[in-house]
Amino acid sequence: MPAAQRISSRNARFQQWESFLTNRNKRTRAREFLVQGVRPISLAVEHGWTIQTIIYDAKRSLSRWAEDLLRVTKAERVAMAPGLLADLGEKSEDAPEVVAVVEMPPDDLSRIKVGSGFLGVAFDRPTSPGNIGSIIRSADAFGADGMIVSGHAADVYDPKCVRASTGSLFALPSVRVPAHRDVAEWVEAKRAEGTPIVIVGTDEHGDCDVFDFDFTQPTLLVIGNETSGLSNAWRETCDRMVSIPMGGAASSLNAANAATAVLYEVSRQRIAAKKQSG
């Protein structure tokens with residue numbers, strides 16, 4: 001195993017990594033972000049993401065998991081003072097065992113594979129990285145093929161998003177695009193190739209209830225901004241709008257909760273259709 005670099009002071013490299021926790025521009029320029037936790041790091045390795053650097057506690061015996069991680073990856077190794085590692089792990093007391101510096105993949109919609117059973121999720125101008133991560137987690141759980149974040153939005157690689165996804169970010173292609181038109185053009189290209197994707201928006205005043213819409217067809221589900229909902233441009237792009245029937249005093253759901261409810265209904269319909277055809 002190659003010798004590790006040792007970092008015991010807040011030198012330039014440490015400061016750059018620390019900036020990745022809060023500075024989107026620096027993450028973007030470096031095309032790197034930090035990953036904390038056994039499951040997310042393990043899934044990043046399992047799904048073939050490029051691990052640039054593995055940072056571990058210089059004064060702690062490594063677990064078998066960490067030793068295996070160092071053995072199977074070709075990443076640079078850095079042994080760091082516990083207090084500094086705790087800062088990178090965003091913990092006030094105990095340092096995490098490992099923090100990984102991971103390379104960002106390109107924001108290319110071709111990363112999302114489209115077939116006859118396609119299910120994608122687009123999130124319009126989200127402001128909360130935690131909501132993005134939660135929707136990525138739900139989309140992964142209910143069989144989606146990819147996640148798209150459009151417009152001026154919170155960052156997919158913000159630590160809050162990475163944590164909220166609980167590792168699903170590494171299993172589900174998640175792509176950032178500047179505007180809804182990039183997604184619309186991509187959908188049109190896929191339709192021209194023979195996949196009749198229907199774009200379905202969510203809104204409390206939708207055309208029909210979510211369980212009355214046929215989600216067994218190739219679908220791109222669009223979730224609106226947490227405060228203002230879908231933009232007018234997205235509304236014009238959607239083929240249909242669906243709503244979740246609500247009871248009680250609440251007039252709407254949190255964006256992540258609403259997305260999860262609709263994704264569950266999509267999954268339920270598709271499982272039922274397979275059972276009927278089988």
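## Helix H6 across the sheet

In this predicted model, helix H6 covers residues 129-141 and lies across four strands. They are strand E6 (119-124), strand E7 (146-150), E8 and E11. H6 runs at about 170° to E6.

H6 has 13 residues. From its first C-alpha to its last it reaches 18 Å, close to the 18 Å expected at 1.5 Å a residue. Its buried residues are Pro129, Asn131, Ile132, Gly133, Ile135, Ile136, Ser138 and Ala139. These pack against E6, E7, E8 and E11, and also against helix H7 (159-164) and H10. After H6 comes Gly143, with a positive phi near 85°.

## H6 and its partner H10

Helix H10 spans residues 255-277 and packs with H6 at an angle of about 10°. The two axes are 9 Å apart. An angle under 35 degrees counts as roughly parallel, so that is how H6 and H10 are described.

Which residues meet where H6 and H10 pack? H6 brings Asn131, Ser134, Ile135, Ser138 and Ala139. H10 brings Ala255, Ala256, Ala259, Thr260 and Leu263. Asn131, Ile135, Ser138 and Ala139 are also among the buried residues of H6.

## The seven-stranded sheet

The strands that H6 crosses, E6, E7, E8 and E11, belong to an open sheet of seven strands. Its order is E8-E7-E6-E11-E9-E12-E10, and the pairing is parallel. Strand E8 (174-177) and strand E10 (208-209) are the edges, each pairing on one side only.

At the E10 edge, two bridges join E10 to E12, and the two strands run parallel. Asp209 has Ser243 of E12 as its bridge partner.

## Strand E9, an enclosed strand

Is strand E9 buried or exposed? Five of the five residues of E9 (residues 198-202) are buried, so the strand is largely enclosed by the rest of the structure. Side chains in a regular strand alternate between the two faces of the sheet. In E9, Val198, Val200 and Thr202 point one way, while Ile199 and Gly201 point the other way. Both sets are buried.

E9 has a neighbour on each side in the sheet order, E11 and E12. With strand E11 (residues 219-223), E9 pairs in the parallel sense over four bridges. There, Ile199 has Leu220 as its bridge partner. With strand E12 (residues 240-243), E9 runs parallel and shares three bridges. Here the partner of Thr202 is Val242.

## Helix H8 and its two sides

Helix H8 (residues 180-192) has 13 residues, which should span 18 Å at 1.5 Å a residue. Its end C-alpha atoms are 19 Å apart, which agrees. The buried residues are His180, Val183, Trp186 and Val187. Seen down the axis, they fall within an arc of 125°, so they line one face of the helix.

What covers the buried residues of H8? The cover includes E7, E8, E9 and E11, together with helix H9 (232-237). On the other side of H8, Arg181, Glu185 and Ala192 are exposed. Gly194 follows the helix, with a positive phi near 115°.

## The five-stranded sheet

Another open sheet has five strands in the order E1-E4-E3-E5-E2, with mixed pairing. Strand E1 (5-7) and strand E2 (32-36) are its edges, and each pairs on one side only. Neighbouring strands are turned by 25° against each other on average, direction ignored.

Within this sheet, strand E3 (residues 51-57) and strand E4 (residues 76-80) run parallel and are joined by five bridges. Thr53 has Glu76 of E4 as its bridge partner. Helix H1 (residues 12-19) lies across E1, E2, E3, E4 and strand E5 (98-103). H1 runs at about 100° to E4.

## Two arginines with positive phi

Most residues other than glycine have a negative phi. Arg31 has a positive phi, near 55°. Arg31 lies in the loop between helix H2 (24-30) and E2. With a relative accessible area of 30%, Arg31 is partly exposed.

Arg125 also has a positive phi, near 50°. This residue sits in the loop between E6 and H6. Arg125 is partly exposed, with a relative accessible area of 25%.

Conventions: Residues numbered from 1 in each chain as written. Predicted model: local features only at pLDDT ≥ 70, side-chain atom pairs only at ≥ 80, totals over all residues. Heavy atoms only, no water. Buried < 20%, exposed > 50% of the residue type's maximum accessible area, 1.4 Å probe, protein only. Pairing = 2+ DSSP bridges. Contact = heavy atoms within 4.5 Å. Axes fitted to C-alpha atoms, helices over the stretch in contact; angles between N-to-C directions. Expected span 1.5 Å × (residues − 1). Arc of directions from axis to C-beta. Parallel < 35°, antiparallel > 145°, perpendicular 65-115°, else oblique.
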